[in-house]
Each structure stands twice: as structure tokens, then as C-alpha cells.
Amino acid sequence: MAEKSSPLAIKGGPKAVQTPVGDIFTWPIITEEDEQACLEVLRAGKMSGTDVTKQFEQDFAAWHGTQYALGHSSGTAALLGAMWACGVGHGDEIICPSLTYWASGLPAFSLGATIIFADVEPHSICIDPKDIEHRITERTKAIVAVHYAGYPADMDPIMAIAEKHGVKVIEDVSHAHGGLYKGRLVGTIGHVGAMSVMSGKSLAVGEGGMVITNDRHIYERAVAFGHYERTAATEWATGKKVLTEPELVKFAGLPQGGYKFRMHQLSSAVGRVQLRHYRERTVEIQKGMNYFWDLLEGVPGIRAHRPPKGSGSTMGGWYSARGLYRAEELGGLPVRQFCEAVRAEGASTGPGANSPLHLHPLFNEADIYGHGKPTRIANTTRDVRQPKGSLPVAESIPTSCYGIPWFKHYRPQIIEEHALAFRKVAENYKELL
Ligand SMILES: *Cc1c(COP(=O)(O)O)cnc(C)c1O
């Protein structure tokens, strides 16, 4: 093949990517329909209302087949509300993968709880079900499963462990809206799904978050925690007392969390429109992204980050798409150098993903609430901090993965050129050693 023998762009050869990319990476896709929906909210002066949000919640719940959906001001707020709703409180522990964004775990600190990090699996880079059970103690209240970079976490064993120990499972769906785990929508498998829908994510709405659940008790608690104007309505509306905790019952109808987490209705309005088109748009994303990886099947040093074909699992909207890197197959070429050479070919990429949280000083040293000791161990009876070397897979992520182009359209020529950029560098790695 002519391309194969051509020199690398970083060595003065022709770039693999030649065709203008146009709007293939543009996201979100905003049309007049989104603009119109916003104008309606603005002209009615309903920015702080809940009517549009309630419609968005209905759409969202119907899409997932869950009984409840509760709009939030951000994914962070949704996760904090979900944690409290699952009973996480003072002195408790949650188990969370080390490889994720702050908000999957950090909000637990503000509840007086702490975080125990678990390692991730090398192929999925999601929480490793085999690294969870031995971390459960009598203080464990919840496991947070993050469907990292769109890859669905292995929910079956996680749910089995949770059932066995009476622990709740919170799915953080911020990377994986509409993704399937063995044919089931992610976010509907755990006790509660919580997610961001801010405009950087694959379901891109504006600042916002969503909590979905089939558990009325969790729903009521999430309402009581962060939704002033709804606290009175919910419990009484059902005619039965869902909240059984004496403290909650005593103060039912009152804003117990003291937080205001309602979704801004410009977000809800955009959300309704985006959702209407989301499935169709993600079908095209999946077609483009799968084509990219199909073209790279068998290339040394690089591996697709996607579930096996025929597994019934999908990558949803492929948020923050990653590839796996195996330096040993490329003579030990550091991923940083690999990415530099791919960028020279005209494709955007960069090494790593989120840095492992268990090594971050914010979790190990910071005294955030003035306890006179690190917040991580402020309310625990033992030092739960996890040193370097304790979660080897999460610690390897900065050198074992990289970003790949996130195609929003199926345009074969452009995708083929981008795949060639990666292939050329992998196949000519010796030139870089
Ligand atoms: C973005 C993100 C969040 C936080 O959502 P915000 O809407 O930004 O508050 C939570 N978890 C994960 C995994 C995320 O990527």
C-alpha cells in the first residue's frame, strides 16, 4: 500500500488527513427548533418555573422506561442528591472508581462521608467488579458505577455484590446517555441513575443534570434534598407515606437539604428538543465511530475501547472517546510521542484521560471543612487513604490510553483519513524510537 510506505508527517511526509473536516466534530447540533424552544420560555418569563422541566422529566423517564426523573441544575447536583437519597451521611463510605471526574465522588465529602476508590478494568476502564466487595464495610452505603467514556460498566456482578451487602448502586451516566448494557439502557440498572447533561456531554442540553429511578423512596428523598417548591407536593400526592425515617417524616414537606437544585428552564427547553433527535444522532455517531475502529482492527499497539460485537452493549454517544494503548507492541514508544506524531498527521488526540483521583492531594491532604485534618479521613475511624501503587490499572491510564476523534457524522472519506493517521504512526513506530 502506498500510504503504508509513505513517511510520517512528523518526519516531513504528507499528512494523512487532507479533506476539510467541515462540521463533522461540531456538537451540540443546534437548530431553529432549539432556538424557538428557548424563545418560548423567555417570552413567557418562565425561566425559573418547573412546567417545562416536568415535561422534560416525563420525556426522559419515558425514554428510559423509569417511573421517575428529576431535573437538576447540574450533574454534580444530581449526584449529590442521589447520594443523600441513597442514605449516604456522616461517617459513611461510598465506593467509586479512581478513574472518573471529581463529581462522581467528591460530593460525598459535603455529606460528611468518605470515598473508597476501586480500580478499573484494563479493557473497559470502568470500575472493576472484582475490586469492590473486599472494600465493603458496615459503613458502605453506595457504589458509584461510572460508564466511563461511554463504555458500560459491568453492572451484573456489581448489582449482585450490592444486593448481597444491602448497598445501593448509583450509576453515573454522564458519559453514556443512551448506552446499552446487554440490551438495557444504562442508568436503569442500578437503584438510581444520575448524570450531567451539560453542553460538553453527549446529551448536550446546557447546564443541567438528571436523576432517574424506579424507587419512590429514593425519588422522594432527592426531592426533599434539593427541590424547595416540590417538597410539599410529593409525599402527600401519593396518599401514602413513602419516607419512613422518623426524622424525614417529622420534617416531611420541608426543604431538608437546604439546596436549590432545580433545572433552569432554558436547559429543560433545549433538553426536550435535543432528546427528540438524540437517538437518531447517536445512531450516526455509532456508525462513524465503529467504522473508525473497524478500519484499525489488528493494528499493533492500539485497541478499540468498545464492547465486543454481539454483546448487546453499546457506547451510547461515545462521549470523550478513548483508544487503548499498548506501548510494548510498539517498542515501548511513549504514548505522548505516539500522540504527537498522530497530531502531525492532522488528527486530534492526546494521551491519558482523567488522572487517578486516589492520588490527588484534594482527596488526601485538603482540609475542606475545617476539621483540622484532611476531609477524606475527618469522619472515619481508620485512615482510608490509598497510596501510589494501590490501584495499578487506574494509575496506568495516563500512559495506556489516548483520545480519538469524536465523529458526529458518518462521512467515510474523513473517517478513513483519520484512521490512517493512527495506522501510519503505529505501523511506522520504529521511525520514532
Ligand atoms: C461532567 C461529569 C459530572 C458532573 O456534571 P456537571 O454537569 O458538570 O456538574 C459527573 N460525573 C462525570 C463522570 C462527568 O463527566
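Student: Which atom of the ligand does the backbone of glycine 75 approach, and at what distance?

Tutor: A polar contact is a pair of N or O atoms within 3.5 Å. In this predicted model, a backbone N or O atom of glycine 75 lies 2.8 Å from an oxygen atom of the ligand.

Student: Which side chains should I look at next for the ligand's nitrogen and oxygen atoms?

Tutor: Try aspartate 172, where a side-chain N or O atom is 2.7 Å from a nitrogen atom of the ligand. Then turn to serine 196, which places a polar side-chain atom 2.6 Å from a ligand oxygen.

Student: How much of the ligand does the protein bury?

Tutor: Start from the ligand taken alone, which exposes 380 Å². The protein buries 92% of that area. As for location, the ligand sits in the largest pocket.

Student: Which residues come nearest, and how many are around the ligand?

Tutor: There are 16 residues around the ligand, and those that come nearest are Thr76, Asp172, His175, Ser196 and Lys201. By class, the shell has nine polar, five nonpolar and two charged residues.

Student: Which element gives the largest share of that shell?

Tutor: That is helix H4, residues 75-85, with three residues in the shell.

Student: Let's move on to charges. How many salt bridges does a search of the whole structure find?

Tutor: The search finds 23. One to pick out joins the side chains of arginine 272 and aspartate 59, with an N to O distance of 2.7 Å. Its partners are 213 residues apart and link distant parts of the chain: arginine 272 belongs to helix H9 (residues 265-295), while aspartate 59 belongs to helix H3 (residues 51-64).

Student: And the backbone? Which peptide bond is cis?

Tutor: Check omega between tryptophan 27 and proline 28: the value is near -5°, and the bond is cis. You will find proline 28 in the loop between helix H1 (2-5) and helix H2 (32-44).

Student: What is phi at isoleucine 125, and where does that residue lie?

Tutor: Phi there is near 50°, a positive value in a residue other than glycine. Isoleucine 125 lies in the loop that runs between strand S3 (114-118) and strand S4 (140-146).

Notes. Residues are numbered from 1 along each chain as its sequence is written. This is a predicted model: local features need pLDDT of at least 70, side-chain atom pairs count only at pLDDT 80 or more; totals for chains, interfaces and linings use all residues. Side-chain values use heavy atoms; hydrogens and water are left out. A residue is near a molecule or strand if one of its heavy atoms lies within 4 Å of it. A polar contact is a pair of N or O atoms within 3.5 Å; within protein, one must be able to donate a hydrogen and the other to accept it, and residues adjacent in sequence count only if both atoms are side-chain atoms. Accessible areas come from the Shrake-Rupley method with a 1.4 Å probe; for residues, only the protein chains shown count as cover. On a 1 Å grid over the protein atoms alone, a cavity is a set of points where a 1.4 Å probe fits but cannot get out, and a pocket is an open set with protein on both sides within 12 Å along at least five of seven lines; lining residues have an atom within 4 Å of a point. A molecule sits in a cavity or pocket if more than half of its atoms lie within 2 Å of its grid points. Helices (H or I, at least four residues) and strands (E, at least two) are DSSP runs, numbered from the N terminus. Ala, Val, Leu, Ile, Met, Phe, Trp, Tyr, Cys and Pro count as nonpolar, Asp, Glu, Lys and Arg as charged, and the others, Gly among them, as polar. A salt bridge is a side-chain nitrogen of Lys or Arg within 4 Å of a carboxyl oxygen of Asp or Glu.
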